[in-house]
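Got the viewer open? Let's take a short walk, one selection at a time.

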Amino acid sequence: MMNQNPYKDKTPLEVRKLIREGKITGQTSGMCSGFAQANLCILPKKYAYDFLLFCQRNPQSCPLLEVSDEGSRFLRTSALDCDISKDVPMYRIWENGSLKGEYTDVSGFWRDDLVTFVIGCSFSFEGPLMQAGIDVRNISENHNVPMYLTNIDTKAAGIFSGKMVVSMRPIPHNQIVKAVTVTAKVPKVHGAPIHIGSPEVIGIKDISRPDFGELSTIREGEVPVFWACGVTPQSVVMSSKPDFCITHAPGHMLITDIKEVDLQN
């Protein structure tokens with residue numbers, strides 16, 4: 001099914017400006033067709049080495065696209081003219097592993113010791129899936145992708161450890177190989193699925209109740225397919241409890257200037 005998002009043909013700069021002005025506050029799936037979207041994890045410098053090592057050890061969950069300079073609200077490569085404290089539709093503030101609130105602007109929380117980690121997002125392979133003739137259900141139903149906390153352990157690094165989060169898209173039996181092939185070409189945005197079918201095997205007790213996002217319809221003849229998800233750092237923050245952290249709200253991504261085609265192998 002075609003992408004009907006009203007912002008699908010806008011440029012990333014145009015959409016980031018609308019976000020900064022408060023005119024877009026919802027989830028970003030389907031926006032800026034052809035451009036990569038990204039997860040955020042913003043931490044004090046004292047945690048930055050440990051988190052960099054965590055990303056290196058968990059590249060499917062946390063494929064790094066860029067790391068900012070300390071204290072800078074502006075990125076060097078992935079998104080130009082981008083204020084990282086204002087250009088994401090919804091942020092989350094965490095203290096000691098607890099969610100303290102969601103905000104459309106976190107400039108008032110900014111500190112000179114913060115380091116931004118820009119992490120690849122599976123929204124970036126949805127365009128190639130649709131081009132391959134695969135219905136991406138969260139886009140055709142116009143809602144946030146369903147995400148689930150699993151029983152899969154990440155590889156610990158320093159203070160950081162926890163369980164992997166996955167995103168799910170229902171795929172017809174006869175298109176699973178194609179979906180795997182398409183997404184395997186983009187390891188910088190999570191790559192191939194980490195699990196196919198049988199949600200209970202990876203600790204998902206009730207697929208009708210996502211931990212994040214919204215439920216997608218699974219039709220007869222379709223199989224739930226699971227990809228590593230950039231919300232994993234939020235699971236890790238909850239279990240590792242750094243004293244301060246800023247993330248995006250699930251599904252409310254940074255839209256980068258990186259073209260999806262440039263992320264392909």
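A contact here means heavy atoms within 4.5 Å, and helices (H or I, at least four residues) and strands (E, at least two) are DSSP runs, numbered from the N terminus. You're looking at a predicted model, in which local features need pLDDT of at least 70, side-chain atom pairs count only at pLDDT 80 or more, and totals for chains, interfaces and linings use all residues. Residues are numbered from 1 along each chain as its sequence is written, and side-chain values use heavy atoms, with hydrogens and water left out.

Start with helix α5, residues 176–184, and pick out its buried residues (under 20% relative accessible area, 1.4 Å probe, protein chains only): Ile176, Ala179, Val182 and Thr183. They sit on the same side of α5 because they cover an arc of only 130 degrees around the axis, going by the directions from the axis to the C-beta atoms. Now show α3 (126–131), β7 (163–172), β8 (195–196) and β9 (222–228): the buried residues of α5 pack against these.

Next, the cavities (sets of points on a 1 Å grid over the protein atoms alone where a 1.4 Å probe fits but cannot get out; lining residues have an atom within 4 Å of a point). There are 2 of 30 Å³ or more. The largest has a volume of about 100 Å³. Select Gly30, Ser33, Phe123, Gly127 and Glu260, the closest to its centre of the 14 lining residues. The largest share of that lining, 3 residues, comes from α3.

Last stop: the second largest cavity, about 70 Å³. Closest to its centre, of 14 lining residues, are Asn39, Cys121, Ser122, Met147 and Cys229.

How values were computed: Buried < 20%, exposed > 50% of the residue type's maximum accessible area, 1.4 Å probe, protein only. 1 Å grid on protein atoms, 1.4 Å probe; cavity = no way out; pocket = protein on both sides within 12 Å on 5 of 7 lines; lining within 4 Å. Points joined across faces, edges and corners; volume = space filled by probe spheres on them.
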